[in-house]
Amino acid sequence: MKQVTAIIKPFKLDEVREALAEVGVSGLTVTEVKGFGRQKGHTELYRGAEYVVDFLPKIRVEVVLADDMVEPAIEAVIKAARTGKIGDGKIFVTPIEQAVRIRTGENGDQAL
């Protein structure tokens, strides 16, 4: 099992969710986060005063998948989230040792 975590632009969430559903992903977790990478934030003008916005709003999408589903899920996220501009985001893949469904006690892939 692997956890695929994608940090994406907020307006791309619906497209990413639909793309993951098309490849068979049945559940995911979404979190609103703030951060920056190479963008390094930007400056904005508010009521005549200029200020720096260091942390940009992003969406963190997390899914835990069987090993054979990881590549299709990554490809789906890339296709749906890419704009071609800076700040499109990142995808991280980490191993998951165990998963347990609390309601039934199922373990491993059956818990997904």
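Going along the sequence of this predicted model, the pattern reads β-α-β-β-β-β-α-β. That makes 2 helices and 6 strands in the chain. The radius of gyration comes out at 17 Å, well over the 13 Å that the globule rule gives for 112 residues, so the chain is more spread out than a compact globule. As for the space taken up, a box of roughly 60 × 25 × 20 Å along the principal axes is filled by the C-alpha atoms.

How much of the chain is buried? Out of the 112 residues, 31% are buried. Contacts tell a story of their own: among those with a separation of 6 or more, 72% link residues 24 or more positions apart.

On the outside, the accessible surface adds up to about 7800 Å², and carbon and sulfur atoms hold 51% of that area. Charged side chains come as 16 positive and 17 negative ones, with 6 Å between the centres of the two sets.

Now for a single residue, Gly 108. Its place is in the segment after strand 6, the strand that covers 90-95. Which residues does Gly 108 touch, leaving aside those up to four places away in sequence? They are Met 1 and Ala 99. Val 70 offers another reference point: Gly 108 and Val 70 sit 38 residues apart in sequence, and from C-alpha to C-alpha the two are 16 Å apart in space.

Technical notes
Residues are numbered from 1 along each chain as its sequence is written. This is a predicted model: local features need pLDDT of at least 70, side-chain atom pairs count only at pLDDT 80 or more; totals for chains, interfaces and linings use all residues. Side-chain values use heavy atoms; hydrogens and water are left out. Helices (H or I, at least four residues) and strands (E, at least two) are DSSP runs, numbered from the N terminus. The radius of gyration is taken over C-alpha atoms; the globule rule is 2.2 Å times the number of residues to the power 0.38. Buried means under 20% relative accessible area, exposed over 50%, partly exposed in between (1.4 Å probe, protein chains only). Contact means heavy atoms within 4.5 Å. Accessible areas come from the Shrake-Rupley method with a 1.4 Å probe; for residues, only the protein chains shown count as cover. Lys and Arg count as positive and Asp and Glu as negative; His and the chain ends are not counted. The place of a charge is taken as NZ of Lys, CZ of Arg, CG of Asp or CD of Glu.
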